[in-house]
Amino acid sequence: MGIAITLRTGRSMRGIKSLVKRVLPPPATIHLIGLRNYLVGEAEIGVLKDLVDPRRDSIDVGCDRGAYAYFLSRLSRKVWCFEPLPASAAFLEAAFAGASNVAVYPIAADASPVTKGYVAGLNAEHFQPIDRFFAREAARYHLALALPVKTRLRAELLEMPPQRADDDGVLRTIWWSLRLRYWAWHVSGQSREPEDIRLFVLYHDPKLTPTVPHSLGLSKGQIGVVYAFAADWMNGANDVVIAHEMLHTLGATDKYNAADDSPRFPDGYGDPRQVPLYPQRHAELMAGRRMLAADRWEQATDLDEVVIGEATALEIRWPALMR
Ligand SMILES: [Zn+2]
């Protein structure tokens, strides 16, 4: 059998290893590492299944290439990997990266029959343009991950998240953020499907509320509160806001000027190297607006008009996942 060959550590084996390393993306390589260690690895790997409690987290200090982490990730609730070597840490990050599971909880923010009808009509397909947008951008960045975001619609919530005023000071904001996280924990998690990010989307009848407050995404707790419109002609604009807040929960920052909402150069431009510079073909997601001329910009109304810029990709750690 092939086991005898894998035990040899001669030049031919090293050649095969480096070939595998170059050809296979990390998520596939980690399965081979797991298989190799299952067949000829340390004997301790065999007893993990008797030692590890599936209801508890595991800690792997000095993960190296993830031989133990691979098995621990299957046996325990979660694995915390500590790896000081940057090359190994980057490999582990790419190998274990999975899609971000995004749960969308719709909420009718007013009593309008328009809003109620719109929310009742939402279905699983409704948020697919968001998943397709992230898949398209992931391909553009040559990510090892084909589907970086998986959005799932949850049942409508009948209660509103804690509200916050724009003029709240630091202490009030901290208190509100704690209350929001408690509220999110309380109302979500009924589904068995994984939820890495929870987005609470508050739909408004545009006739009653022509302007909605600023949406927000918290990286602590990975929670977003999105103010959206209950109108089909606003679906594209809603998707842009949802994707924007989603990336806030993953650590991305705004790329527009607070004074006038204009995209910040260069990070807030779809392509800061475009010649001529104006009009920009795309908006950058964390700027949310596309530059038409040096002194003119417009809100992106659909994710087809939007890209993820290099600075944002860096903030959400995409380069670590690049093939
Ligand atoms: Zn923002």
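**Exercise 1. Decide whether aspartate 64 is buried, exposed or partly exposed.**

Solution. Aspartate 64 has 15 C-beta neighbours inside 10 Å, so it counts as partly exposed. The cut-offs: buried means 20 or more other C-beta atoms within 10 Å of a residue's own, exposed means 12 or fewer, and partly exposed lies in between, with C-beta atoms placed from the backbone. Next, the backbone: aspartate 64 is not a glycine, yet its phi is positive, about 55°.

This is a predicted model: local features need pLDDT of at least 70, side-chain atom pairs count only at pLDDT 80 or more, and totals for chains, interfaces and linings use all residues. Residues are numbered from 1 along each chain as its sequence is written.

**Exercise 2. Do the same for histidine 142.**

Solution. Histidine 142 has 11 other C-beta atoms within 10 Å, so it is exposed. Its phi is also positive, about 55°, although histidine 142 is not a glycine. Most residues other than glycine have a negative phi.

**Exercise 3. Find which residues the cis peptide bonds join, and give omega.**

Solution. Start with phenylalanine 265 and proline 266: a cis bond joins them, with omega about 0°. Then take tyrosine 278 and proline 279: their bond is cis, with omega about -10°. Most peptide bonds are trans.

**Exercise 4. State which residue of strand 10 stands opposite alanine 293.**

Solution. Strands are DSSP runs (E, at least two residues; helices are H or I, at least four), numbered from the N terminus. Strand 9 (residues 289-293) pairs with strand 10 (residues 296-299) in the antiparallel sense, over 4 bridges. Pairing requires at least two DSSP bridges. A hairpin of 2 residues links strand 9 to strand 10. Arginine 296 stands opposite alanine 293.
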